[in-house]
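Take a look at the structure below. The paragraphs after it walk through its core, its helices and a few single residues.

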Amino acid sequence: MMNLSSELPMELQGKRRIVRPAGPPDGGYGWFIVLSTFLVFGLTFGVIKSFGVFFVEIQYYFATTATASSWITSISVATVHFGAPVGSALSAYFGHRPVVMAGGLLSSIGMVAGSYAQDLLQLYITVGFLTGFGYALTWTPTVTMLGWYFEKRRPVANALASAGECILTFVLTPSFQFMVDQYSWRGAMLILGALQLNLSLCGALLRPLNRHVPSKELVEKDDHELELLSRTHTDFSSKNSSDSKKSDPLKVKIISYMDYTLIVNARFMVYSMFGVFAALGFFAPALFLVPYARSQGVEEYQAAALMSISAVLDLLGRLLFGWVANLRLVKTVHQLTVTVILLGIVLLLCPLATTFTQLALFSAGYGLVFGATVAIHITVLAEVVGVERLGSALGFFMLIRSSGGLLGPPLAGIFIDKMSDYGAGFLMAGVALLVSALFLLLLHQMNKKGMEKEKDINLDNGKGCEDLI
């Protein structure tokens with residue numbers, strides 16, 4: 001049997017060790033990465049969820065409408081999604097630690113500047129755009145680094161990290177209200193700006209791992225070595241195609257920073273379409289649960305308590321089902337499919353709940369299944385594209401998914417206005433999630449066919465080797 005490695009030129013054989021990956025630690029310092037990601041989740045999406053405390057104060061201070069005030073959060077969320085590929089590319093070029101630390105500083109500057117805003121436009125620019133872009137520079141690189149540090153324990157690591165969003169939302173919401181009561185919204189926002197500096201400390205915890213990032217020696221090989229490697233490869237395949245298969249140094253550099261080839265990866269695009277339709281249903285219920293409860297005659301404080309019930313069960317769902325995914329009893333994509341279908345069914349049942357007890361049961365079920373879904377969707381993304389491409393994949397996935405996140409609440413609002421019933425928003429969200437599950441089923445079929453094709457290729461190669469022997 002032919003030994004291909006022995007045919008490589010001697011000057012290339014000595015450099016193969018540069019790109020040979022080592023296994024993820026799956027523990028050790030990785031738990032500090034979990035802690036960092038935990039805080040990043042809380043200080044980004046946790047703050048966004050808790051920012052509603054400022055809405056009434058800002059609306060009253062500037063004598064504006066609720067819609068105009070809500071654009072502050074909408075711009076921030078949109079900037080997080082649109083800026084995700086930028087954060088991914090910058091972290092690939094400069095490293096994860098400096099990019100996250102810079103993002104934390106930018107988030108703090110945006111929030112502090114917002115405390116001195118004289119009109120809504122200035123709040124859109126500072127709290128909306130600057131802070132949102134800072135979040136983009138912190139969230140994507142940190143989650144990518146978490147995926148690099150864990151493989152066998154990746155589901156439970158992702159679940160523990162994402163729990164930061166639930167816990168800090170639970171803690172920050174009453175804290176913000178207390179600060180607003182004591183120091184006004186400007187003073188509370190100034191304190192929040194100082195709190196955001198902790199994102200830079202989270203970035204300082206990100207110890208680099210070289211196994212997934214192409215070394216500079218690999219990216220900056222001279223033209224002679226690239227052509228030599230290309231020529232050696234084509235000699236094994238076909239001498240007639242030697243000119244067409246030479247490596248392109250510029251293309252290698254671009255892909256190492258932002259892997260744009262993902263947009264032609266069928267499995268990744270199918271999973272991204274799942275993300276779009278899932279996002280249509282993810283964000284609407286949190287906005288309309290309290291108004292729906294109030295429309296059913298539930299008291300104000302009882303209606304607010306429904307969100308607390310949902311948050312507690314959300315935390316339980318992330319931890320419990322992250323641990324279940326870590327047991328590898330079933331394929332993670334199968335588990336995600338089941339939880340998404342259950343989430344869609346729970347949302348479709350919401351309009352049947354008319355009393356506080358029934359709505360409390362709905363909130364508990366919704367929180368539990370939502371947490372189960374969020375805990376593993378990043379793990380499935382890593383399995384779809386491979387952990388080496390997770391950074392670029394997260395950026396593009398967030399960018400594509402942003403359309404669903406931005407359109408979800410307005411579409412639900414249109415249905416509510418047309419039918420004069422807040423329950424219509426939950427029906428729209430439930431249908432969107434069931435449609436998203438269809439894309440997961442399609443992904444499962446693509447995985448199945450890919451495995452069958454790989455088996456056939458391995459069998460053919462085995463037969464070819466027997467003939468050579």
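Start at L381. Setting aside residues up to four places away in sequence, L381 touches F268, Y271, L390, A393, L394 and F397. The model is a predicted one. L381 and Y271 are both among the residues with the most contacts inside the largest nonpolar core. F54, I58, L123, W139 and M189 are also in that group. The core as a whole has 105 residues. Which helix gives the largest share of this core? Helix α17, residues 356-385, does, with 15 residues.

Now step back to the whole protein. How many helices and strands does the protein have? There are 19 helices and zero strands. The protein has 469 residues, and 47% of them count as buried. Look next at contacts with a separation of 6 or more. Residues 24 or more positions apart account for 85% of these. The surface can be described too. The protein exposes about 22500 Å². Carbon and sulfur atoms supply 65% of that area.

Return to α17 and its packing. Two packed helices are described by the angle between their axes and the distance between the axes. Helix α8 covers residues 154-196 and packs against α17. Their angle is about 135°, and their axes are 8 Å apart. An angle over 145 degrees would count as roughly antiparallel, and 65 to 115 as roughly perpendicular. The pair falls in neither range, so α8 and α17 are oblique to each other. Their crossing is right-handed. Which residues meet there? From α8 come R154, P155, N158, A159 and S162. From α17 come A375, I378, T379 and A382.

Stay in α17 for one more residue. S363 lies in this helix. Is S363 buried or exposed? S363 has a relative accessible area of 0%, so it is buried, the cut-off being under 20%. Leaving aside neighbours within four places in sequence, S363 is in contact with L289, L306, I309 and S310.

F129 gives another case. This residue sits in helix α7, residues 120-149. The relative accessible area of F129 is 44%, so F129 is partly exposed. F129 and V77 are 52 residues apart along the chain. Their C-alpha atoms are separated by 9.0 Å. With neighbours within four places in sequence left out, F129 is in contact with I75, T79 and Y124.

Two residues stand out by their backbone angles. S184 has a positive phi of about 75°, although S184 is not a glycine. Where does S184 lie? S184 is in helix α8, the helix that packs with α17. At 35% relative accessibility, S184 counts as partly exposed.

R328 is the other one. R328 has a positive phi of about 60° and is not a glycine either. R328 is placed in a loop, between α15 (300-326) and α16 (332-349). The relative accessible area of R328 is 38%, so R328 is partly exposed.

Notes:
Residues are numbered from 1 along each chain as its sequence is written. This is a predicted model: local features need pLDDT of at least 70, side-chain atom pairs count only at pLDDT 80 or more; totals for chains, interfaces and linings use all residues. Side-chain values use heavy atoms; hydrogens and water are left out. A nonpolar core is a set of buried Ala, Val, Leu, Ile, Met, Phe, Trp, Tyr and Cys residues joined through side-chain atoms within 4.5 Å. Buried means under 20% relative accessible area, exposed over 50%, partly exposed in between (1.4 Å probe, protein chains only). Helices (H or I, at least four residues) and strands (E, at least two) are DSSP runs, numbered from the N terminus. Contact means heavy atoms within 4.5 Å. Accessible areas come from the Shrake-Rupley method with a 1.4 Å probe; for residues, only the protein chains shown count as cover. Axes are lines fitted to C-alpha atoms, for helices over the stretch in contact, and angles run from 0 to 180 degrees between N-to-C directions. Angles under 35 degrees count as roughly parallel, over 145 as roughly antiparallel, 65 to 115 as roughly perpendicular and the rest as oblique. A crossing is left-handed if the near helix is turned anticlockwise from the far one by less than a right angle, and right-handed if clockwise.
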